[in-house]
Amino acid sequence: LQGDWSSDVCSSDLFLQKAFPETSVWSRTHLGKFHNFVKLLAIKFAFVLYKFRVSGNFLDFVALVFSIFGFYLLSLSEIDFTYSLFGVLIIYFHIWVDFIDGLLAKATDKSSPIGHQFDNLGCDADRFMLIVLFGIFTGNNLIIIANIFSAYVLVVDRKSTRLNSSH
C-alpha cells in the first residue's frame, strides 16, 4: 500500500501491521509470483473494504451467495456458453474473496473460530457443488445421486473424521 493511500498513511500502516505484518508480499517466494500478485490485489481491496467497515463474515456470506449463483449458471451451460463463462468468473470471485476475508478479520481484531468455520463453509460448498455438478452434466439420475453421496463423504464426513481422529 506504499504511497497509494497517501491521505490515510497512518490508517494504512495500522491496517498492514494487523492484517499482513510480513515485510513484503514478494518475500514469500515459495508461493509463486501469481499467488503473491493476487495477494497484493487482495490487500489493496481489503483496505478499501476496511475503510467502509465491511466485516470478513459479511464478505464471506455475500461471496457464498454469489458462488451458489455461479454454480447455477454453470449448470445452464447447455443453454448458452456465456452462462458458463459468467459462472466461472463468479466462482473465481469467491476464491479471491478467500484471500480478503482473513485480512479484514485480522485488521479489525475480529478473528474467531466461528469466522474461520464460516470461511471454510464457502470452500466446502464450492467443493460439494462442483462434485454434484459433474453428475448433473451427465444427465443420469443415478450418477447425480452417487455424486451427492460422494460429495457428502469427501466434503462433510471427511472433515468430521479428520477432527475426531486428531484427538
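Begin at the largest pocket of this predicted model, where helix H4 gives the largest share of the lining, five residues. To see H4, select residues 81-107.

**The pocket**

Stay with the largest pocket, which has a volume of about 480 Å³. Its lining holds 22 residues, and those closest to its centre are Asp101, Leu104, Ala105, Lys106 and Lys110. Select these five and centre the view on them.

Next, colour the helices around the pocket. Helix H3 is 56-75 and helix H5 is 113-138; H2 covers residues 33-51. H2, H3, H4 and H5 each supply at least two residues of the lining. Coloured by class, the lining shows 11 polar, seven charged and four nonpolar residues.

**H2 against H4**

General point before going on: two packed helices are described by the angle between their axes and the distance between the axes.

Show H2 and H4 alone. Their axes are 8 Å apart, and the helices pack at an angle of about 50°. That angle makes H2 oblique to H4. The crossing of this pair is right-handed.

For the contact itself, select His35, Val38, Lys39, Leu41, Ala42, Ile43, Phe45, Ala46, Leu49 and Tyr50 on the H2 side. On the H4 side, select Trp96, Phe99, Ile100, Leu103, Leu104 and Ala107. By class, this contact has 14 nonpolar residues, one polar and one charged. Leu104 belongs to this contact, and Leu104 is also among the residues closest to the centre of the largest pocket.

**H3 against H4**

Hide H2 and bring up H3. What angle do H3 and H4 make where they pack? The angle is about 165°, with the axes 8 Å apart. This makes H3 roughly antiparallel to H4, because angles over 145 degrees count as such. H3 passes H4 in a left-handed crossing. The contact between H3 and H4 has 17 nonpolar, six polar and two charged residues.

**H4 against H5**

Last, swap H3 for H5. The axes of H4 and H5 come within 11 Å and cross at roughly 165°. The two helices are therefore roughly antiparallel to each other. H4 passes H5 in a left-handed crossing.

Which residues of H4 meet H5? Select His94, Asp98 and Asp101 in H4, then Asp119, Gly122, Cys123 and Asp126 in H5. The contact of H4 with H5 divides into four charged, two polar and one nonpolar residue. Asp101, part of this contact, leads back to the start of the tour, as Asp101 is one of the residues closest to the centre of the largest pocket.

How values were computed: Residues numbered from 1 in each chain as written. Predicted model: local features only at pLDDT ≥ 70, side-chain atom pairs only at ≥ 80, totals over all residues. Heavy atoms only, no water. Axes fitted to C-alpha atoms, helices over the stretch in contact; angles between N-to-C directions. Helix = DSSP H or I, 4+ residues; strand = E, 2+ residues; numbered from the N terminus. Parallel < 35°, antiparallel > 145°, perpendicular 65-115°, else oblique. Left-handed = near helix turned anticlockwise from the far one by under 90°. Contact = heavy atoms within 4.5 Å. Nonpolar A, V, L, I, M, F, W, Y, C, P; charged D, E, K, R; others polar. 1 Å grid on protein atoms, 1.4 Å probe; cavity = no way out; pocket = protein on both sides within 12 Å on 5 of 7 lines; lining within 4 Å. Points joined across faces, edges and corners; volume = space filled by probe spheres on them.
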